[in-house]
Amino acid sequence: MAQLNPDEINVILATDCGSTTTKAILIQKVDGVYRQTHRGEAPTTVEEPVADVTVGVMNAATEVGELAGRRLVDDDGNIIRPATENEGCDIYISTSSAGGGLQVLVTGVVREMSAASAERAALGAGAIVLDLIASNDRRRPHEQIQRIRELRPDMVVMAGGTDGGTEKHVVQIAELIAPAKPKPRFGNTYQMPIIFAGNKEAAPKVKETFDESIALSIVDNVRPTLEFENLEPARDKIHDLFLEHVMAHAPGYERLMKLTDAPIMPTPGAVGNILQQIAKAKGINCVGVDIGGATTDVFSVFDGADGKPVFNRTVSANLGMSYSISNVCSETGMENVLRWVGQAMDERELRNRVKNKMIRPTTIPQSAEALEFEQAVAREALRLAYLQHKEFATTLKGIQQQRTVGDTFSQEGGGRSIVNNLKLNLLVASGGVLSHAPRMSQTAQMMIDAFEPEGITELAKDSIFMMPHLGVLASVHPQAAIEVFERDCLIQLGTVIAPKGTGKPGKKCFSYRITGESLNESGEITVGDYVVFELGLDHTAKVELNPTRGFDLGNGAGKSLEATVRGGTVGLILDGRGRPIWPV
């Protein structure tokens, strides 16, 4: 790839090998701009009876080629390169979450410090964290050893101690792993990969603890000092081992790795990569969410304490819309679900509906009532996942920070969340219940109710879950990835204006004046109002906002604000319901 001039890349084929479906897209340069032109899909073939992931890849690529009138696969089942007038592509890239994705066991000395840093590194690389073993996790050594034996991770990420700090406790963690002899998920014929990203002085003793059944990699400490976190070396090594150990032993992946022109990325890691690229290119704070049947992934890029963008990802493994729907209802309570429903519903019947969804996860709502209930559950799943994300995406714990009077009375320990809804510029949604809602306004409403954006926030959804493809493309051609992301990946829903604060229903919340080519309005929003103005795609308008005392739109409580807002398929939304929207 280093030898290929980006200016000579005109046709790009990208695939995402999911657990059930392999999705392929074709990106072509049209009038000097990169556009996504065609899309195809085929069943993933990583499991028996085929047990070769490349079969599904070739089927998806063949479908895209047929739709585009361009032959992409030759008679021997290879991707044709380079591109000519009517066949082949210039580069082929891929992501993968087939076979359950990348599964990692994380260990550390202090759960809230070194172990949390190692967990952030693993999640940022696109992994699912199976468990977190720490010296202070309240489990006895024999219980920890038993837990390590039960799990079948793809790799283990070890952290612990600042450089020059404790060695004893770091070695004790290694002495738990060594006798447990963790077995890898794919096959027993190769060594278990372990990444040590802890106190560098302890590395030789850790190495002595393991025998030849372990493939130990030593990288820079994820927490070299209490005040500093260094995640990149560990993330890069996780990615390398994912290709070297996990992918190489999964059915057909060795051939797929030879076919691609860039390293294969875990699907969530690729999604995080494109969000980071967009945040960096535009200088914005953004949040992305992908809600699935079993899990909900939340990604965020916010300015940290030093002003540099900080990326965080969380996986809420028990919050989803089919396999985990019962967990959502149990965790939040049916009362909280029903507050989003506008009609009376029989709670017993709803509980039966939840159970049916668990045993028939692919079913979709067949009535307006069923749809309304499912979207109500989605709001709670998203809200709970976002709360978990906020608790995880914090400033570093274990260091002295300047405290305010309010902090003195706070019971919270450790760092503060860097997720600040008043500073959120872009909220991006994907996942079946959001992407396939019958009306765009329903998607926007679910996002606003669940995430409660404050100030001025743009809303968008991923049109066909193209972000993984663009994430791996960004690693080799950032310009093409950003152009396609803005023009074809995102469907702009519009902009929501919502002040932070609470008040009595019917009292004035803020006044507004909107001026633009297609929209000229002025008036007042009272507490409890929710007003939508039509402001089409590619349209903008200037807004002048004057919040009343106690409400903040981003400039401070009661302070006026002027801004330019973008329209979308839903338009411009003025939300006066206050924050939080509803007491929970």
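The following paragraphs lead from the overall dimensions of a predicted model to two of its helices, its aromatic contacts and two individual residues.

The protein chain contains 17 helices and 22 strands. Its C-alpha atoms occupy a box of roughly 75 × 65 × 50 Å along the principal axes. For 584 residues, a compact globule would be expected to have a radius of gyration near 25 Å, and the value computed for the protein chain, 25 Å, agrees with that expectation. Buried residues account for 53% of the 584 residues. Among contacts with a separation of 6 or more, 68% join residues 24 or more positions apart. The accessible surface amounts to about 25,500 Å², and carbon and sulfur atoms contribute 47% of that area.

Two helices may be considered in turn. Helix H8 comprises residues 267–282, 16 residues in total, and spans 23 Å between its first and last C-alpha atoms, close to the 22 Å expected at 1.5 Å a residue. The buried residues of H8 include an uninterrupted run in the numbering, Thr267, Pro268, Gly269, Ala270, Val271, Gly272, Asn273, Ile274 and Leu275, and further along the helix Ile278 and Ala279 are buried as well. Just after H8 comes glycine 283, with a positive phi of about 65°.

Helix H15 covers residues 440–451; its twelve residues reach 17 Å from first C-alpha to last, close to an expected 16 Å. Ten of these twelve residues are buried, so H15 is largely enclosed by the rest of the structure. The buried set consists of Gln442, Thr443, Ala444, Gln445, Met446, Met447, Ile448, Asp449, Ala450 and Phe451. Glutamate 452 follows H15, and its phi is positive, near 50°.

Attention now turns to the aromatic side chains. A pair of aromatic rings is described by the distance of the centres and the angle of the planes. The structure holds two aromatic pairs. In one of them, the ring centres of tyrosine 512 and phenylalanine 533 are 5.8 Å apart and the ring planes meet at 55°; because this angle lies between the limits of 30 and 60 degrees, the pair counts as tilted. The pair links distant parts of the chain, since tyrosine 512 belongs to strand S17 (residues 508–516) and phenylalanine 533 to strand S19 (residues 530–533), with their positions 21 residues apart in the numbering. Both tyrosine 512 and phenylalanine 533 are buried. A contact of another kind involves arginine 120, whose charged end sits over the ring of phenylalanine 392, 5.4 Å from the ring centre.

Finally, two residues illustrate opposite environments. Leucine 13, in strand S1 (residues 11–17), has a relative accessible area of 0% and is therefore buried. Beyond its neighbours within four places in sequence, leucine 13 is in contact with Ile25, Leu26, Ala61, Leu72, Ile79, Cys89, Ile91, Tyr92 and Ile93. The C-alpha atom of leucine 13 is separated by 39 Å from that of valine 532, which stands 519 residues away along the chain. Glutamate 335, by contrast, lies in helix H10 (residues 334–338) and is exposed, because its relative accessible area of 69% is over the 50% limit. Between the C-alpha atoms of glutamate 335 and asparagine 10 the distance is 54 Å, with 325 residues separating the two in sequence.

How values were computed:
Residues are numbered from 1 along each chain as its sequence is written. This is a predicted model: local features need pLDDT of at least 70, side-chain atom pairs count only at pLDDT 80 or more; totals for chains, interfaces and linings use all residues. Side-chain values use heavy atoms; hydrogens and water are left out. Helices (H or I, at least four residues) and strands (E, at least two) are DSSP runs, numbered from the N terminus. The expected span of a helix is 1.5 Å times one less than its number of residues. Buried means under 20% relative accessible area, exposed over 50%, partly exposed in between (1.4 Å probe, protein chains only). Rings of Phe, Tyr and Trp (its six-membered ring) pair if their centres lie within 6.5 Å; planes under 30 degrees apart count as stacked, over 60 as edge-to-face and the rest as tilted. A charge sits over a ring if NZ of Lys or CZ of Arg is within 6 Å of the ring centre and within 35 degrees of the ring normal. The radius of gyration is taken over C-alpha atoms; the globule rule is 2.2 Å times the number of residues to the power 0.38. Contact means heavy atoms within 4.5 Å. Accessible areas come from the Shrake-Rupley method with a 1.4 Å probe; for residues, only the protein chains shown count as cover.
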